[in-house]
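Here is a short briefing on one protein chain. It covers fold order, overall dimensions, the nonpolar core and the surface.

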Amino acid sequence: SSITILVGVLAGISIFFLYKKASLDLRQRKRTEEALMESEANYRAIFNAANDAIFIYDLETEQILNMNQKMCEMTGYNPEEAGRLSAVDLSSGVAPHTPEGALELITKAVDGDPQLFEWMAKDKSGRLFWVEVNLKRTTIREKARLVAVVRDISKRKQIEEALRESRQRYQAVSELISDYAYAYRVEP
């Protein structure tokens, strides 16, 4: 009968539109996934291309969630090992560069006060070296995180120390010359 044909046609049209919608949804989902993968690849490329070391610190677990290639090179740890580290594990332990000192600076950054400071760090082998650390709190995937950008300043510190020693030698020589000049004037 005509009602049966009409119901059949309507069912066919409904199935066609449902299929079309599902097909469009699937294509949209695939495009979204591709865009997300591309965005992740871009993030990884930028993250690992940075000249400074970068790590992301989880405030709840107090563990390093992620570190870039430069951080791996600087510390000697691979990303897998980094997941078992806390930021304080990278501190020299030499006062004031102790785990407690690190936690104090981390707390200030967590409270919303970005921190920029020089720090004596320790790598996997135990070697101590100077870094400049920039800590800032951020939100990633709706969770509070701390981003640390770390620059090795060991060479700069060596130059500063050599300059300080040079100034001290200059001062000593200058005083010696002054003493000789005074002695020369006083004695015939």
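Read from start to end, the protein chain runs α-β-β-α-α-α-β-β-β-α. This is a predicted model. The radius of gyration is 31 Å, well over the 16 Å that the globule rule gives for 188 residues, so the chain is more spread out than a compact globule.

**Fold and dimensions**
- The protein chain has five helices and five strands.
- Its C-alpha trace spans about 140 × 30 × 30 Å along the principal axes.
- Take the contacts between residues at least 6 apart in sequence: 35% of them join residues at least 24 apart.

**Nonpolar core**
- The largest nonpolar core holds 29 residues.
- F55, Y57, V131, L135 and V150 have the most contacts inside this core.
- Two helices and five strands are not the whole list of elements in the chain, but these give two or more residues each to the core: β1 (53-58), β2 (63-67), α2 (69-75), α4 (99-110), β3 (115-122), β4 (128-140) and β5 (143-152).

**Around Y57**
- Neighbours within four places in sequence are left aside here.
- Y57 is then in contact with E62, Q63 and I64, among others.
- Further contacts of Y57 are S86, A87, I106, R145 and L146.

**Burial, surface and charge**
- Of the 188 residues, 27% count as buried.
- The protein chain exposes about 13500 Å².
- Carbon and sulfur atoms supply 58% of that exposed area.
- The chain carries 26 positive and 28 negative charges.
- The mean positions of these two sets of charges lie 8 Å apart.

Notes: Residues numbered from 1 in each chain as written. Predicted model: local features only at pLDDT ≥ 70, side-chain atom pairs only at ≥ 80, totals over all residues. Heavy atoms only, no water. Core = buried A, V, L, I, M, F, W, Y, C linked by side-chain atoms within 4.5 Å. Buried < 20%, exposed > 50% of the residue type's maximum accessible area, 1.4 Å probe, protein only. Helix = DSSP H or I, 4+ residues; strand = E, 2+ residues; numbered from the N terminus. Contact = heavy atoms within 4.5 Å. Rg over C-alpha atoms; globule rule 2.2 N^0.38 Å. Areas by Shrake-Rupley, 256 points an atom, 1.4 Å probe, with all protein chains shown as cover. Lys, Arg positive; Asp, Glu negative; His and termini not counted. Charge placed at Lys NZ, Arg CZ, Asp CG, Glu CD.
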